[in-house]
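Here's a walk through one protein chain, taken a region at a time. Have the viewer open and follow along.

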Amino acid sequence: MQINKHVHAIKVPFYIVNPPRTIIERSVYVYLIYGTNGVFLIDTGVASAETAIFDYIRKTERRVEDISMIIQTHSHPDHIGATRTIKGETACAVAMHPAEKHWLENVQLQAEERPIPGFDSLVSGPVAVNRLLEDGEVFDLGCGLKLKIFHTPGHSKGSISILLLGYMALFSGDAIPVPNEMPVYEDVKASVASIKKLMAVSDIRHLLPAWDEPAKGGEVYKRLDAGLNYLQKIHEIVLSLTKKDPEPDPMELCRQAFTELGLPIETANPIAAKSFMAHLKLRNKKSII
Ligand SMILES: [Zn+2]
């Protein structure tokens, strides 16, 4: 799907097997920036997503060899899955924020520190990072296109959002929570600050998240606002559920919070449990936004 003159989007479906046998269906967007000097990928989806990415590039009359760089919004499995394969086929460079470099270069370490069922089937392997991207940096793609980098932690320590200047298209990775979806973040305060940081950017024309559908025009700031309000809603649910028990069992809290949020209880999992537990650090605050 073409977003504007230079940006294209590919939706990659995948699933996670949540023990004992629940299948969580997910999808993730990979974005492509077509420059005159190359194709720049924003994330790569899960392992084997290269087939869809390569097919799309060929269909749009570019060459797979044109891929000159992969820019990672962060290092989670559904964003780095095909990076090793694509780098292997094209010898492209890989760029990301320094805070998660070690998780891409040593994926087994990530699997140990942030276990996800089926991690190995989602990720094609470790990859050396060639270029580090820092907050506030303007990164020149060398073809008249420039990217501004925003460090937007909360979902993960090294999450970045990337603004294509001129076209004002914002690639936000997983930085913005999606209402009525499973929450995934490790630091609530940082998440709130990151969303506010993006809200302060004026004239964003396209919001291009990984987890949610692309949005444009007036819908962009509504989405940012909805993400913020969802954090507040979850905060209130967690505070109410833990009123009598300030040190709850994480999975039990997760199941109760899923029920309150109307999410299928059988999809409760340790990653979401961690997100709910993260609210307890701010338990003395009624409003977090
Ligand atoms: Zn993520």
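Two strands pair here if DSSP finds at least two bridges between them. Keep in mind that this is a predicted model.

**Strand β10 and its partners**

With that rule in hand, look at β10 and strand β11 (residues 206–209): they pair in the parallel sense over four bridges. Within that pairing, Ala 169 sits opposite His 206 in β11. To get from β10 to β11, the chain passes through α7, and this β-α-β crossover is right-handed.

Strand β9 (residues 160–164) also pairs with β10, this time in the antiparallel sense and over three bridges. Here Ile 162 has Phe 171 of β10 as its bridge partner. The hairpin of β9 and β10 has four residues between the strands, and Gly 166 takes a positive phi near 85° there.

So how enclosed is strand β10 (residues 169–173)? Five of its five residues are buried, so the strand is largely enclosed by the rest of the structure. Ala 169, Phe 171 and Gly 173 point one way from β10, while Leu 170 and Ser 172 point the other way, and all of them are buried.

**Helix α7**

The crossover helix, α7, spans residues 188–199 and includes Ser 191. Is Ser 191 buried or exposed? It counts as buried, because its relative accessibility is 2% and the cut-off for buried is under 20%. Leaving aside neighbours within four places in sequence, Ser 191 is in contact with Pro 153, Gly 154, His 155, Tyr 185 and Leu 231.

**The zinc site**

His 155 turns up again at the zinc ion, whose protein donors are His 74 (NE2), His 76 (ND1), His 155 (NE2) and Asp 174 (OD), lying 2.0 to 2.4 Å from it. In sequence, these donor residues are spaced H-x1-H-x78-H-x18-D. Angles among the four donor atoms run from 89 to 173°, and the site is irregular. Both His 74 and His 76 are buried.

**Helix α1**

Which residues of helix α1 (residues 50–59) are buried? They are Glu 50, Ile 53, Phe 54, Tyr 56 and Ile 57. These residues cover an arc of only 160° around the axis, so they lie on the same side of α1. Arg 58 and Lys 59, on the other side of α1, are exposed. The buried residues pack against β1 (7–18), β2 (22–35), β3 (38–42), β4 (67–71) and α3 (83–90). After α1 comes Glu 61, with a positive phi near 60°.

**Some loop residues**

A few loop residues deserve a quick stop. Met 168 is not a glycine, yet has a positive phi of about 50°, and Asp 203, also not a glycine, has one of about 65°. Gly 118 is in the table too, and its C-alpha atom is 6.7 Å from that of Ile 16, although the two residues are 102 apart along the chain.

| Residue | Loop | Relative accessible area |
|---|---|---|
| Gly 118 | between α5 (107–113) and α6 (119–122) | 42%, partly exposed |
| Met 168 | between β9 and β10 | 13%, buried |
| Asp 203 | between α7 and β11 | 59%, exposed |

Technical notes
Residues are numbered from 1 along each chain as its sequence is written. This is a predicted model: local features need pLDDT of at least 70, side-chain atom pairs count only at pLDDT 80 or more; totals for chains, interfaces and linings use all residues. Side-chain values use heavy atoms; hydrogens and water are left out. Helices (H or I, at least four residues) and strands (E, at least two) are DSSP runs, numbered from the N terminus. Buried means under 20% relative accessible area, exposed over 50%, partly exposed in between (1.4 Å probe, protein chains only). Contact means heavy atoms within 4.5 Å. The arc is that of the directions from the helix axis to the C-beta atoms. Donors are N, O and S atoms within 2.8 Å of the metal (3.2 Å for Na, K and Ca); water is not among the atoms, so sites may look incomplete. Four donors count as tetrahedral if all angles lie between 85 and 135 degrees; four count as square planar and six as octahedral if opposite donors are over 155 degrees apart and all others between 65 and 115; anything else is irregular. A crossover is right-handed if, with the strands pointing away from the viewer, the path from the first strand over the helix to the second runs clockwise.
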